[in-house]
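Here are some short exercises to work through with the structure open beside you. Try each task before you read its solution.

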Amino acid sequence: MLCTRLTNAHILTMDPDHPVAHDLGIWRGRVVGLDEAVTGLPAREVVDLQGATVLPGFIDSHVHLAWAGLKAATPSIAPCARVEDVLAVVAEATARKAAPGDWVDIAGYDQRALGRHLTAAELDRVSHGRKVFVMHDSGHACVVNSAVLALLPADVPHQDGFLAESAMTAVRRLRLPYSQEELADAIEHAGRACLAEGITACAEAGIGGGLLGHSPVELGAYQLLRDRGRLPLRIQLMAAGDTLRPVGAHADDGIPRSLDLGLRTGFGDDWLSLGALKIYTDGGMMARTAALTAPYEGTTHTGQLQDDPERLTELVVDGHLAGWQLAVHAIGDRAADLALDALERAQTLLPRPDARHRVEHAGLIRPDQLPRFARLGVSAVVQPNFLRYFGDDYADVMGEARAPWMYRGRGFLDHGVTLVGSSDRPVTDGSPLRAIQFMVERTSLSGRRIGPDEGVTVDEALRAYTVAGAYACRWDDSAGSLTPGKRADLVVLGDDPRRVDPSRIGDIEVVATLVDGREGKRL
């Protein structure tokens, strides 16, 4: 007997051998059959979907759940456009803290709204003796007050309290760690927001260190949720590259650096597992720290790398030698050159044809770099909603010649590169449907077309959030399509993204999300 049979549905399986179905059978959390194979079978529950569209659950291959959950509970200065309004929010937040010396976290900072950066002196006026940490929305910078600056080593660079990249990491080390209970609550909150948008699995892009880790024992917060049955969706964890340590492994193992006990990609189960090793090479466009080969438009500034190029390359190579899948953060084209060079060196030293290495963001990719992605078998994990929401600004700072190279779609596909959709939640909107709409239209919220020749079809965009996401996360044997034997992870939509006008895709209702055949959002 089936556990559940969905009937009278418009099922887009994403499986070319059986692309469309009307019935789907579920038994013990798996898809067991489609159409005639299950229509006549008894089931404990039969759900008539009355023609609703069903797709494999969306996979968001690059998120920050802990940060998203913590940000939701943090006072925010968005969308303040005047320094006076920002300081009023900070003053109110500091006044609520019980004692001088406490940390006050502020979210929603984006200097573009103000026309300049805040300063430590301005924050000092409203700090009331507290340590103020204002997080940039990109995750790559912050502004702090003098109470924080006084705690930093003298060699940490800043500009009137503004710190970017590794300098920001030095500040975060003062603030850490968060408790596992606090992180678990934040992760659960963000995970439930993902479910509401049709996401059934995601990859957490960097725990335990780096720019955005929250605790040296951060993995324990996810295990805590798993043990308590509170994990809302499937989560794959990327360990931050700087968590690798030199190890005294046997010479024949060829492992120069590793996590303790040799843990690497693949450890875990269907609900919680270790994914790629996350390595940062540069910053971000929003903070103007993405590393470019030519300056940002109207400036002499070309962004920055996170470290000495050779040290970054050695980390990539060591991670590859230790058996990891690699997720190399590279937004600017100069950073992408470094990433591709390092991955090529790694594969030369130890060929691993199915390593499935990834470049995270691939925000500005020159035409000559596309064949290198293909030749190395590297996936491009892009965030279409960056251009939907920030595209006008990004296009301006890249200039007319480079704007079409941003967050490509068609260019990757035409070169045979696996195109993977993701959000980078909470940097911007996490909705896969709104991202899919942008991938097709290439239109920002203002109506500006950005690289229209990079547009893809609706089917190709859907694949980026299902089949390609499963491939990039090494889940392709169990997720990404509604094929018998795979997990019964699916989303029920109020309309078919392929049938509506592209401008309406982002507004399609998510009726229900099922993980293991069980509802995360009520039918």
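**Exercise 1. A strand and its partner**

Task: Find out how many residues of strand β23 are buried, and how β23 pairs with β22.

Solution: This is a predicted model, so treat each step as a reading of a prediction.
- Step 1. Locate β23 at residues 510-515 and check each of its six residues; five of them are buried, and the strand is mostly covered. Here, buried means under 20% relative accessible area.
- Step 2. Turn to β22, residues 490-493, which is joined to β23 by four bridges. The two strands run antiparallel.
- Step 3. Pick out one pair across the two strands: Val510 in β23 stands opposite Leu493.

**Exercise 2. The nonpolar cores**

Task: Which residues have the most contacts inside the largest nonpolar core?

Solution:
- Step 1. Take the core as a whole: it has 122 residues.
- Step 2. Look for those with the most contacts inside it, and you arrive at Ile235, Phe373, Met406 and Phe412.
- Step 3. Follow Phe373, leaving aside its neighbours within four places in sequence. Its contacts include Leu340, Val359, Ile365, Val378 and Val417, and Phe412 is also in contact with it.
- Step 4. Now look apart from this core, where another one of 22 residues lies; among them are Ile106, Leu123, Val143 and Ala287.

**Exercise 3. The largest pocket**

Task: Describe the largest pocket by its volume, its lining and the elements that supply it.

Solution:
- Step 1. Start with the volume, which is about 780 Å³.
- Step 2. Go to the lining of 33 residues, where Ile207, Gly208, Pro216, Leu219 and Thr243 are the closest to the centre of the pocket.
- Step 3. Sort the lining by class: 13 residues are nonpolar, eleven are polar and nine are charged.
- Step 4. Trace the elements. At least two lining residues each come from α7 (166-175), α9 (219-227), β14 (234-240) and β17 (272-280). The largest share, four residues, is supplied by α9.

**Exercise 4. The cavities**

Task: How many cavities of 30 Å³ or more are there, and what lines the largest cavity?

Solution:
- Step 1. Count them: there are three cavities of 30 Å³ or more.
- Step 2. Choose the largest cavity, with a volume of about 140 Å³.
- Step 3. Inspect its 20 lining residues; the closest to its centre are Ser138, His140, Ile331, His361 and Asp424.
- Step 4. Name the elements that give two or more residues to this lining: β17 and α13 (384-398).
- Step 5. Finish with the classes, which are ten nonpolar, eight polar and two charged residues.

Note on methods
Residues numbered from 1 in each chain as written. Predicted model: local features only at pLDDT ≥ 70, side-chain atom pairs only at ≥ 80, totals over all residues. Heavy atoms only, no water. Core = buried A, V, L, I, M, F, W, Y, C linked by side-chain atoms within 4.5 Å. Buried < 20%, exposed > 50% of the residue type's maximum accessible area, 1.4 Å probe, protein only. Contact = heavy atoms within 4.5 Å. 1 Å grid on protein atoms, 1.4 Å probe; cavity = no way out; pocket = protein on both sides within 12 Å on 5 of 7 lines; lining within 4 Å. Points joined across faces, edges and corners; volume = space filled by probe spheres on them. Nonpolar A, V, L, I, M, F, W, Y, C, P; charged D, E, K, R; others polar. Pairing = 2+ DSSP bridges.
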